[in-house]
Amino acid sequence: MPIPPSHHSVRLLRCNSVTSILRLVAEGVSKVLGVKGRAVELRMKNLPRNVYALHLLGTNIIVLNEEALHRLSEELSGDRALINSYTYFILLHEYLHLLGIVDEAQVYKYAYKICKELLGRYHPATLLSMHGPPAPPPRALKSLLKMQMLFHL
Ligand SMILES: [Zn+2]
C-alpha cells in the first residue's frame, strides 16, 4: 500500500524551510503527547562548530547554528530526505526542552516515541533519536541507515 500524502513522513520530505519543519514538529508533539502547541521564536546565529541548536532555558527561543545548517547540506550530499530528517531531529529535541523537559535521556525517550509513531520505526529521524544522547553526527546517519538495512535483510 503506498504511503498517503498526508503522512507525517511525506509532509516532512516536502518541507523546504526550517520554519515548515518546526511547524510539523510542533504538530507532531501535540498529536503524540497531547500537549498544546507553543509559540517558538527561531534565531539564527553562529554557534560553536559541534552545536546545531540550543534552547534558551525559560524562554520560547530556539537558536540555530546557521553555519552548521549549511554544513549539514554538504555533509549529507544535498539529500533532502536526510537533511530534513536531521533538521527534524534537532528541532524536535529543542522543542521538547522548550516544553520544560530538561533531562536529556527523557528528551530522547519522547523524541523516539514521537518519531516512531508518526514517521515509522525505520525513518532516519527515528534512528537518530534511538542512538543518543549524545546526538549522532550527520555523517553517522548514512551508516545507521545501512546498519538498519543489513539488520533486516
Ligand atoms: Zn538537549
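User: Before I look at H4, how do you get the expected span of a helix?
Analyst: The expected span is 1.5 Å times one less than the number of residues in the helix. Helices are DSSP runs of H or I with at least four residues, strands are runs of E with at least two, and both are numbered from the N terminus.

User: And what is this model, what goes into it?
Analyst: It is a predicted model, where local features need pLDDT of at least 70, side-chain atom pairs count only at pLDDT 80 or more, and totals for chains, interfaces and linings use all residues. Residues are numbered from 1 along each chain as its sequence is written.

User: OK, how far does H4 reach from its first C-alpha to its last?
Analyst: Helix H4 (residues 80-98) reaches 26 Å with its 19 residues, close to the 27 Å expected.

User: What comes after H4?
Analyst: Gly-100 follows H4, and its phi is positive, near 105°.

User: Switching to strands. Which way do S1 and S3 run, parallel or antiparallel?
Analyst: Strands S1 (residues 41-45) and S3 (residues 61-65) run parallel, joined by 5 bridges; strands pair if DSSP finds at least two bridges between them. Arg-43 stands opposite Val-63 in S3.

User: And S2 with S3?
Analyst: S2 (residues 53-55) runs antiparallel to S3, with 3 bridges. His-55 has Ile-62 in S3 as its bridge partner.

User: Which residue in the hairpin of S2 and S3 takes a positive phi?
Analyst: Gly-58 does, near 80°, in a hairpin with 5 residues between the strands.
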